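New to this one? Here's a quick tour to read alongside the picture.

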Amino acid sequence: TIEHVLDEWNELVELRKPQVVIVHVGIVDCAPRVFLRREASFVANIRFAWLRDRIFKFTHDHRRRIVQCRRKVYVPLPRFERLVQQVVEKARENEVQSLVFINIISPPDSVEERSPGFQSNVIAYNQVLQAQTKHDFVSLIDLNGGSDVLTVDGIHLNERGHMLLAQRLSEHVTRMTRIK
């Protein structure tokens, strides 16, 4: 999540002083959830297996309705926006030459069916990332070439998706070196 980026910023950026910082977040932040992290941990640690299993079965069987009613994500949009802005400010303070965000691939209809609101969340969170390109040192790599083509499951990049991302990052770094 974007929270982890900020938690690790000192070690990964401030101490190493990279010229380019690549941030690939969003899908975990904006995915509709049945349980928030603490809730999932609580249920997973229920001593009675029969009760824990019933809860998990119920949530599995009724996931769509639960997601529709709860409308929970790990990082709500206003918080995501604030934290993305903090990343940009930290990058500026650390004199990062290029901060690269990678957009969130829109999940297919099959994922939307199980997790209503996912596709609209992706659009809104991508708009937050896109808005940061108003800063001259911030770029956005757009990987929306179809989740069915670029992912193994509508969310996680497959080999083709990784190759496309590597190509786009290589092109970006090559452009940076030409500018110097």
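Let's start with strand E1 (residues 20–23): Val21 and Val23 sit on its covered face, while Val20 and Ile22 are on the uncovered one. That fits a general habit: in a regular strand, side chains alternate between the two faces of the sheet. Keep in mind that this is a predicted model.

**The strand pair**
- E1 teams up with strand E2 (residues 98–102), and the two run parallel, joined by 4 bridges.
- Looking for Ile22's bridge partner in E2? That's Val100.

**Helix H7**
- H7 covers residues 77–93, so 17 residues in total, and spans 24 Å from first C-alpha to last, close to the 24 Å expected at 1.5 Å a residue.
- Its buried residues are Phe80, Leu83, Val84, Val87, Val88 and Ala91.
- Those buried residues take up an arc of only 145° around the axis, so they lie on the same side of H7.
- The spacing has a simple background: an α-helix has 3.6 residues a turn, so residues three or four places apart point the same way.
- Flip to the face of H7 turned away from the buried side and you'll find the exposed residues Pro78 and Glu93.
- After H7 comes Glu95, which has a positive phi, near 55°.

**A nonpolar patch on the surface**
- Phe48, Trp50 and Leu51 make a nonpolar surface patch of about 320 Å².
- Phe48 itself belongs to the loop between helix H4 (37–44) and helix H5 (49–61).
- Is Phe48 buried, partly exposed or exposed? Its relative accessibility is 46%, so Phe48 counts as partly exposed.

Conventions: Residues are numbered from 1 along each chain as its sequence is written. This is a predicted model: local features need pLDDT of at least 70, side-chain atom pairs count only at pLDDT 80 or more; totals for chains, interfaces and linings use all residues. Side-chain values use heavy atoms; hydrogens and water are left out. Patches are made of residues with over 30% relative accessible area and no salt bridge: like charges are joined within 9 Å, nonpolar side chains (Val, Leu, Ile, Met, Phe, Trp, Tyr) within 5 Å. Accessible areas come from the Shrake-Rupley method with a 1.4 Å probe; for residues, only the protein chains shown count as cover. A salt bridge is a side-chain nitrogen of Lys or Arg within 4 Å of a carboxyl oxygen of Asp or Glu. Buried means under 20% relative accessible area, exposed over 50%, partly exposed in between (1.4 Å probe, protein chains only). Two strands pair if DSSP finds at least two bridges between them. The arc is that of the directions from the helix axis to the C-beta atoms.
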